[in-house]
Amino acid sequence: MSYLSNIYNGITGKYFLNSRKGAITQQYPDNRATLKMFDRFRGEVIMPHDEQNEHTCTGCQKCEIACPNGTIEIIWDRAIVEETGKKKKKIDQFVYHLGLCTMCGLCIDVCPTDAIIWGQNFENSVYDRTKLTRVLNKPGSVVKAGIED
Ligand code: SF4
Ligand code: SF4
């Protein structure tokens, strides 16, 4: 088979013929408002919160222990649970150093309550590295009732 027919019949040829249908090039940054990364994209670790400003992080520190390079620091405290009157561990700050993160996913895999997930944001360029250190739990947020590790 000739070189040209290889191109025509193979993936290169298909993409060449479909390029005008958007098969290849994303018009970034012009399409910033509508751009959606593919589902498995690993942009950063994030902690979802619901409308009541609740998350599912118990502060168990499993993610911190699993992380191979110290990207996560759990600063925790103990608070009294109203129903039982007993003290229980809670996070004060979930500190995430994005500049250290290799996106290996061990922290997400090990979390027993699915408190952290992959975020799709990739526009993380900064002039000041300290801006890559973030607190993932929002101010005033609490762990959802009934979540145990
Ligand atoms: S994110 Fe998950 S593994 Fe990490 S401290 Fe919170 S509950 Fe534990
Ligand atoms: S993805 Fe890997 S490197 Fe990044 S915080 Fe999680 S365990 Fe650490």
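In the predicted model, the shell around ligand 2 consists of 10 nonpolar and 4 polar residues, with no charged residue. The shell comprises 14 residues, and C67, C101, C104, G105 and C107 are the closest of these to ligand 2. Ligand 2 occupies the second largest cavity, which has a volume of about 70 Å³. A total of 14 residues line this cavity, and those nearest its centre are C67, C101, T102, C104 and C107. By class, the lining of the second largest cavity contains 10 nonpolar residues, 4 polar residues and no charged residues.

Ligand 1 was examined in the same way. The space that ligand 1 takes up is the largest cavity, for which a volume of about 100 Å³ was computed. The lining of this cavity is formed by 15 residues, with C57, C60, C63, C111 and A115 closest to the centre. Of these lining residues, 9 are nonpolar, 5 are polar and 1 is charged. Around ligand 1 itself there are 14 residues, and C57, C60, Q61, C63 and C111 approach it most closely. The shell of ligand 1 is made up of 9 nonpolar, 4 polar and 1 charged residues. In total, the structure contains 2 cavities of 30 Å³ or more. Such empty space is revealed by rolling a probe the size of a water molecule over the atoms.

Open space was also considered. The largest pocket has a volume of about 530 Å³. Its lining comprises 25 residues, and A79, V81, K90, V142 and V143 are located nearest the centre of the pocket. Two or more lining residues are supplied by each of the elements β3, β4 and β7 (142-143). The greatest contribution is that of β4, which provides 5 residues to the lining of the largest pocket. The pocket lining divides by class into 10 nonpolar, 6 polar and 9 charged residues.

Strands β3 and β4 also take part in an open sheet of 3 strands, arranged in the order β3-β4-β6 with antiparallel pairing. The edges of the sheet are formed by β3 (72-80) and β6 (133-135), each of which pairs on one side only. Between neighbouring strands of this sheet, the average turn is 25°, direction ignored. Strands of a sheet pair through backbone hydrogen bonds, in either a parallel or an antiparallel manner. Strand β4 (residues 87-97) is connected to β6 by 3 bridges, and the two strands run antiparallel. Opposite H97 stands T133 of β6.

Two features of backbone geometry were identified in loops. Most residues other than glycine have a negative phi, and most peptide bonds are trans. The peptide bond between Y28 and P29 is cis, with an omega of about 10°. P29 is placed in the loop between α2 (11-18) and β1 (44-46). N53, although not a glycine, has a positive phi of about 60°. The position of N53 is in the loop that lies between β1 and β2 (54-55).

Definitions and conventions. Residues are numbered from 1 along each chain as its sequence is written. Chains are lettered from A and ligands numbered from 1 in the order in which they are written. This is a predicted model: local features need pLDDT of at least 70, side-chain atom pairs count only at pLDDT 80 or more; totals for chains, interfaces and linings use all residues. Side-chain values use heavy atoms; hydrogens and water are left out. A residue is near a molecule or strand if one of its heavy atoms lies within 4 Å of it. On a 1 Å grid over the protein atoms alone, a cavity is a set of points where a 1.4 Å probe fits but cannot get out, and a pocket is an open set with protein on both sides within 12 Å along at least five of seven lines; lining residues have an atom within 4 Å of a point. A molecule sits in a cavity or pocket if more than half of its atoms lie within 2 Å of its grid points. Ala, Val, Leu, Ile, Met, Phe, Trp, Tyr, Cys and Pro count as nonpolar, Asp, Glu, Lys and Arg as charged, and the others, Gly among them, as polar. Two strands pair if DSSP finds at least two bridges between them. Helices (H or I, at least four residues) and strands (E, at least two) are DSSP runs, numbered from the N terminus. Axes are lines fitted to C-alpha atoms, for helices over the stretch in contact, and angles run from 0 to 180 degrees between N-to-C directions. Grid points are joined across faces, edges and corners, and a volume is the space filled by probe spheres set on the points.
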